[in-house]
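Colleague: I would like to go through this model with you, pockets and charged pairs alike. Could we start with the pockets?

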Amino acid sequence: MMETKQATAKRWRISSDELQFHPQKNCLHQSLPEDLGVGRSAIFQLDPDLSYIETRYTPSKDLAVLSRIDYQEPRLVVTLGLKGQSRFAEKNGDELVFNEGYTSITTTRSSMGERQYQAHKPTMQLRFALNKNWLNRYFGEHKTNPLFNKSGIQLLSYRPISPQAICAAQQLLNCNESRETNRIFMHGQVMSLLAFELSHLCADKRRNSAEFNQKDAAIAKSARDILFREFKNPPSVEELSKRAGTNQFKLKKLFHHFFNNTPYGLLLEIRMNNAYQLLESGQCQVGIAADQVGYSHASNFSTAFIKHFGISPKAISKKH
């Protein structure tokens, strides 16, 4: 095979064809070449229309895995970000960011781009790929057809992972994939998880399909990305609305619809999740973590942290 790895713009690029495949009894394992770090995906085909992919990556270099998707029929993909962050950059310039603690729901028929990972940053994600046939079977064509009205990758929903889905995900990760009975158990947990993470999607589409369109989704995504980039010194809601191309009232409605949150609520989650990671590393004191996520006073940060997680930041810092 021709070597396609190359270091370009400080990121190491590799074709998805160079990922190593290892067929096993109940799944297919895909791994990074050893010189690029630790990276492994386990791919389970649970039925002809449903697959489950468990991915754990810790690359030794900033990495981009080049991929081209061209399905015969459109697919919906549910991605749970359990640890770290990755980014998918399409060739046309569109980007999707998959963050820890959030479920992203996307649709696609074909796309060309690259999956990007940061060097030495562990990433763990669970992905569930559903054919349109699967969705038609459980939700009906009248509900699923409106989800597939755009070529390329379309972001349908971005929300915090539900507690029920986190529980099901933990059960999946603890499942012994080599035992046939556990494969049945795995299928049950996947169905349970999808029931929790997809229920709002069809309900929202039924109530609001005429109210929100693709332009609205792009505005919501733009505002969300600004908050992720600038959470330490965030813009006001008024400024955020202007930069995203809308007004405050409309922006709040878009956040409620697409993210089940308010701009301030999402900002708080971003800050708290980043602070938790800093404290969990064991290399950051509470006062420094507070400053890193935009709090001028450690006492205000501690109050917000305890309210959000139910545990003090000092307890997290001492534990690690």
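Modeller: Certainly. In the second largest pocket, S7 gives the most to the lining, with eight residues. Please bear in mind that this is a predicted model.

Colleague: How much space lies in that second largest pocket?

Modeller: The second largest pocket holds about 860 Å³ of space. Its lining counts 31 residues, and the closest to the centre are Ser-67, Ile-69, Tyr-71, Arg-115 and Arg-127.

Colleague: Which elements give two or more residues to the lining of the second largest pocket?

Modeller: They are strands: S4 (28-31), S5, S6, S7, S8 (85-90), S9 (95-99), S10 (102-117) and S11 (123-131).

Colleague: And by class, what does the lining of the second largest pocket have?

Modeller: That lining has 13 nonpolar, eleven polar and seven charged residues.

Colleague: Now the largest pocket. What is its volume?

Modeller: The volume of the largest pocket is about 1400 Å³. Lining it are 37 residues, and those nearest the centre are Lys-83, Gly-84, Glu-100, Asn-273 and Gln-277.

Colleague: Which elements give two or more residues to the lining of the largest pocket?

Modeller: One strand and several helices do: strand S7 (63-83), helix H3 (163-173), helix H8 (263-280) and helix H10 (298-309). H8 gives the most, with eight residues.

Colleague: What is the lining of the largest pocket by class?

Modeller: In the largest pocket, 17 of the lining residues are nonpolar, 15 are polar and five are charged.

Colleague: Changing topic: how many salt bridges does the count come to?

Modeller: The count comes to eleven salt bridges. One of them joins the side chains of Asp-49 and Arg-137, at 2.6 Å from N to O.

Colleague: Where do Asp-49 and Arg-137 lie?

Modeller: Asp-49 is in the loop between strand S5 (37-47) and strand S6 (50-59), whereas Arg-137 belongs to helix H1 (residues 132-139), so the salt bridge ties together parts that are 88 residues apart in sequence.

Colleague: Is Asp-49 buried or exposed?

Modeller: Asp-49 counts as buried, because its relative accessibility is 14% and the cut-off for buried is under 20%. Its partner Arg-137 is partly exposed, with a relative accessible area of 46%.

Colleague: Which residues are linked in a network of salt bridges?

Modeller: A network of salt bridges links Asp-47, Asp-49 and Arg-137.

Colleague: What about pairs within a helix, such as Lys-221 and Asp-225?

Modeller: Lys-221 and Asp-225 both lie in helix H5 (residues 214-229), four residues apart, which is about one turn of the helix. They form a salt bridge whose closest N and O atoms are 3.2 Å apart.

Colleague: Are Lys-221 and Asp-225 buried or exposed?

Modeller: Lys-221 is buried, at a relative accessible area of 19%. Asp-225 also counts as buried, at 14% relative accessibility.

Colleague: And what is there between Glu-238 and Lys-242?

Modeller: The side chains of Glu-238 and Lys-242 form a salt bridge, at 3.7 Å from N to O. Both residues lie in helix H6 (residues 237-244), four residues apart, about one turn of the helix.

Colleague: Where do Glu-238 and Lys-242 stand in relative accessible area?

Modeller: Glu-238 is partly exposed, with a value of 41%, and Lys-242 is exposed, with a value of 57%.

Methods: Residues numbered from 1 in each chain as written. Predicted model: local features only at pLDDT ≥ 70, side-chain atom pairs only at ≥ 80, totals over all residues. Heavy atoms only, no water. Salt bridge = Lys/Arg side-chain N within 4 Å of Asp/Glu carboxyl O. Buried < 20%, exposed > 50% of the residue type's maximum accessible area, 1.4 Å probe, protein only. 1 Å grid on protein atoms, 1.4 Å probe; cavity = no way out; pocket = protein on both sides within 12 Å on 5 of 7 lines; lining within 4 Å. Points joined across faces, edges and corners; volume = space filled by probe spheres on them. Nonpolar A, V, L, I, M, F, W, Y, C, P; charged D, E, K, R; others polar.
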